[in-house]
Amino acid sequence: MGSTFYPQLVELLRSAGCVFVRQGKGSHEIWHSPITLEVTH
């Protein structure tokens with residue numbers, strides 16, 4: 001993922017109420033969404 005886009009993406013996820021759950025394989029991250037109640041990666 002581009003180094004300039006990543007901080008913006010994290011900010012958007014957190015402002016939407018998403019919570020970082022854990023690091024996945026490789027560069028994947030697992031996030032929880034309180035809106036959909038799903039864990040996405």
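Let's start with Trp-31, which is buried in this predicted model, with a relative accessible area of 8%. That value sits under the 20% cut-off, so Trp-31 gets the label "buried".

Now, who keeps Trp-31 company? Phe-20 does: the two form an aromatic pair, and the structure holds one such pair. The geometry is edge-to-face, with 5.6 Å centre to centre and 75° between the planes. For those of you who like to check the class, edge-to-face asks for planes over 60 degrees apart.

The partners come from distant parts of the chain, eleven residues apart. Phe-20 belongs to strand S1, residues 19-23, while Trp-31 belongs to strand S2, residues 29-33. Phe-20 is partly exposed, at 34% relative accessible area, whereas Trp-31 is buried.

How do those two strands fit together? S1 and S2 run antiparallel and are joined by four bridges. One bridge partner to look up on your screens is Ile-30 in S2, which goes with Arg-22. Together the strands make a hairpin, with five residues between them. In the turn you'll find Gly-26, with a positive phi of about 65°.

Last stop, please: Val-39, in strand S3, residues 38-40. What does Val-39 touch, once we set aside its neighbours within four places in sequence? The contacts are Ile-30, Trp-31 and His-32, so our buried Trp-31 turns up again here. Val-39 itself counts as partly exposed, at 48% relative accessibility. And relative to Phe-20, Val-39 is 19 residues away in sequence and 9.5 Å away in space, C-alpha to C-alpha.

Definitions and conventions: Residues are numbered from 1 along each chain as its sequence is written. This is a predicted model: local features need pLDDT of at least 70, side-chain atom pairs count only at pLDDT 80 or more; totals for chains, interfaces and linings use all residues. Side-chain values use heavy atoms; hydrogens and water are left out. Rings of Phe, Tyr and Trp (its six-membered ring) pair if their centres lie within 6.5 Å; planes under 30 degrees apart count as stacked, over 60 as edge-to-face and the rest as tilted. Buried means under 20% relative accessible area, exposed over 50%, partly exposed in between (1.4 Å probe, protein chains only). Two strands pair if DSSP finds at least two bridges between them. Contact means heavy atoms within 4.5 Å.
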